[in-house]
Amino acid sequence: MGISHRISRREFCGASAATVTALAFPLPAFAQSAARIVVIGGGFGGASCARALRQIDPKLQVTLVEPNRTFTACPFSNNVIAGLRSIEEQQFGYDKVAGAGVTVVAQAAAAINPAARTVGLADGTSLAYDRLVLSPGVDLRFDALPGYDEAAAAKMPHAWKAGEQTLLLRKQLEAMDDGGLVVIAAPANPYRCPPGPYERASLIAHYLKTKKPRSKLIILDAKDTFSKQRLFQNAWKELYPGMIEWVSLSQGGKVNAVDPATNTLITDFGNHTAQVANVIPPQIAGRIADIAGATDKTGWCAIDPVTFESRSAPNIHVIGDACLAGAMPKSAFSANAQAKACASAVAALIAGRSPDAPKLINTCYSLAAPGYGISVAGVYQPKNGLLADVEGAGGVSPADASRDFRAREADYAQSWFATVTAEVFG
Amino acid sequence: MKALRVAVGIATIVAWSQPVRAASEPPPGAASCSGCHSAGATAASSVSRLYGRDAGDIMTAMAGFRDGSLPATVMNRIAKGFSDDELRAIAAWLAAQK
């Protein structure tokens with residue numbers, strides 16, 4: 001009796017252990033074969049993430065939702081504005097993404113039901129997901145700067161989403177007479193591509209110096225400091241003496257309103273009427289992030305720094321320009337790096353594993369002129385719930401570097417673009 | 001019985017918490033490299049490809065970038081963000097890639 005009792009208890013114990021084990025691993029056996037990941041947004045973040053997910057686990061069903069059949073890249077689009085590059089060199093299709101086993105759906109995402117875990121598409125159909133990745137980039141705010149709406153952008157281009165707007169700004173510069181005034185209005189932080197307005201000023205100045213040397217360029221800034229500031233300002237002094245004027249926030253640089261009828265930018269300290277006005281307005285996360293309930297009161301998306309899962313919308317991950325990535329800037333390099341880390345985390349969660357804490361890198365190159373490159377780099381890891389700088393790492397190119405050093409950085413900038421676009425779209 | 005239950009509990013925790021990363025999956029930090037250092041052989045790039053390179057060579061280079069003995073434009077700034085253990089894992093993974 002005693003013996004049989006012991007045996008039965010052991011059997012019971014064994015059975016309970018098996019039950020515990022089964023309960024602890026309920027997901028892997030089922031989810032791995034059928035897990036559906038939907039990625040919204042086919043830029044550097046979304047397309048990278050979709051491909052990385054398939055690479056990590058070819059069993060995952062990955063769908064990329066992107067209405068445009070051609071992607072036009074923002075990095076190097078300032079070269080197009082300056083007449084140094086064709087827009088075609090900025091454009092990529094999704095054939096290779098599809099070839100990597102990603103189902104590409106050329107539709108806009110219109111609705112998200114987080115409870116039912118479905119994405120509603122513009123054509124009325126819907127996609128079910130186990131986990132959703134949002135990489136919607138930025139929306140330009142046409143309600144933030146009086147006078148600057150979508151119609152005004154046809155007169156005073158933002159050129160902050162590459163494509164038609166890039167070509168419009170290029171055309172306006174080509175049509176401008178020698179001696180004209182170009183004004184760039186730069187927004188307050190945060191916004192897509194922190195050094196972008198200053199690279200743009202540099203390359204436009206390069207064009208003006210070459211073709212229209214009596215012209216001037218003014219940057220009206222809503223900030224008192226900017227990315228790679230010393231490097232840019234040194235380059236401007238050296239390359240374009242007297243041509244670029246930067247007006248900081250405290251000098252009255254903040255644009256309060258614009259008048260597209262007269263091409264005028266209005267500040268507290270006066271009006272600037274430009275022959276070419278490039279207005280880069282304030283930005284927020286792409287609209288679908290708000291629809292998903294993933295934005296906070298800033299208009300951006302707070303995330304867990306290990307998984308990129310939204311702080312407010314469970315099972316929804318946000319990467320790239322739309323997310324608040326702590327110390328990481330809103331750059332294509334960041335989006336690509338975040339995409340791969342997010343893909344690892346999502347694959348781990350689907351498989352019932354706890355994701356590794358990621359380590360991320362960003363490197364942003366800017367051109368002050370053709371053959372004159374400068375960079376900022378950083379290494380990041382989760383700390384106190386944010387992606388924080390790894391102390392002692394990162395920083396900008398040396399201020400006293402040789403022209404050979406600048407030439408090499410310009411070359412590496414080109415190499416980065418070729419490499420990252422091949423990884424994402426090639 | 002108690003011992004068995006504890007043993008099963010420990011086994012479960014170990015299985016749960018161990019990084020059971022697939023061989024194809026890069027260790028923390030490694031996935032960022034291919035932003036500049038091509039994973040494929042197609043991109044026209046002046047930046048060296050790291051896949052299949054000797055792990056010891058990668059470690060030596062990174063150590064040199066980190067202490068400044070090896071000149072660099074940007075890798076000195078990046079190498080300072082990684083510990084020896086992290087670099088070893090990254091180098092081993094890069095070396096194992098085709």
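**Exercise 1. Is Phe71(A) buried or exposed, and what is its relative accessible area?**

Solution. The structure is a predicted model, in which local features need pLDDT of at least 70 and side-chain atom pairs count only at pLDDT 80 or more, while totals for chains, interfaces and linings use all residues. Residues are numbered from 1 along each chain as its sequence is written, chains are lettered from A and ligands numbered from 1 in the order in which they are written, and side-chain values use heavy atoms, with hydrogens and water left out.

Step 1 is the threshold: buried means under 20% relative accessible area, exposed means over 50%, and partly exposed lies in between, with a 1.4 Å probe and protein chains only. Step 2 applies it: Phe71(A), with a relative accessible area of 15%, is buried.

**Exercise 2. Classify the ring pair of Phe44(A) and Phe71(A), and place it in the chain.**

Solution. Rings of Phe, Tyr and Trp (its six-membered ring) pair if their centres lie within 6.5 Å, and planes under 30 degrees apart count as stacked, over 60 as edge-to-face and the rest as tilted. Over all chains, the structure holds 18 aromatic pairs. For Phe44(A) and Phe71(A) the centres are 5.5 Å apart and the planes stand at 85 degrees, so this pair is edge-to-face. Helices (H or I, at least four residues) and strands (E, at least two) are DSSP runs, numbered from the N terminus. Phe44(A) belongs to helix 3 (residues 44-56) of chain A and Phe71(A) to strand 3 (residues 70-72) of chain A, so the pair ties together parts that are 27 residues apart in sequence. Phe44(A) is also buried, at a relative accessible area of 7%. Both rings belong to a cluster linked by ring pairs, whose members include Phe76(A), Trp416(A) and Phe425(A).

**Exercise 3. Describe the salt bridge between Arg77(B) and Glu409(A), and set beside it the bridge of Arg141(A) and Asp143(A).**

Solution. A salt bridge is a side-chain nitrogen of Lys or Arg within 4 Å of a carboxyl oxygen of Asp or Glu, and the structure holds 20 of them over all chains. The side chains of Arg77(B) and Glu409(A) satisfy this at 3.4 Å, N to O. This pair crosses between chains, from helix 4 (residues 75-79) of chain B to helix 12 (residues 403-425) of chain A, and Arg77(B) and Glu409(A) are both buried. In the other bridge, the closest N and O atoms of Arg141(A) and Asp143(A) are 3.1 Å apart; Arg141(A) is partly exposed at 30% relative accessibility, whereas Asp143(A) is exposed at 59%.

**Exercise 4. Which strands pair with strand 23 (residues 372-383) of chain A, and over how many bridges?**

Solution. Two strands pair if DSSP finds at least two bridges between them. Strand 22 (residues 360-369) of chain A pairs with strand 23 in the antiparallel sense over nine bridges, and Ala369(A) has Tyr372(A) as its bridge partner. The hairpin of these strands has two residues between them, and Gly371(A) takes a positive phi near 80 degrees there. Strand 24 (residues 386-389) of chain A is also antiparallel to strand 23, over four bridges, with Leu387(A) as the bridge partner of Pro382(A). In that hairpin, again with two residues between the strands, Asn384(A) takes a positive phi near 50 degrees. Finally, two bridges join strand 23 to strand 25 (residues 395-396) of chain A, which run antiparallel, and Ala377(A) stands opposite Gly395(A).
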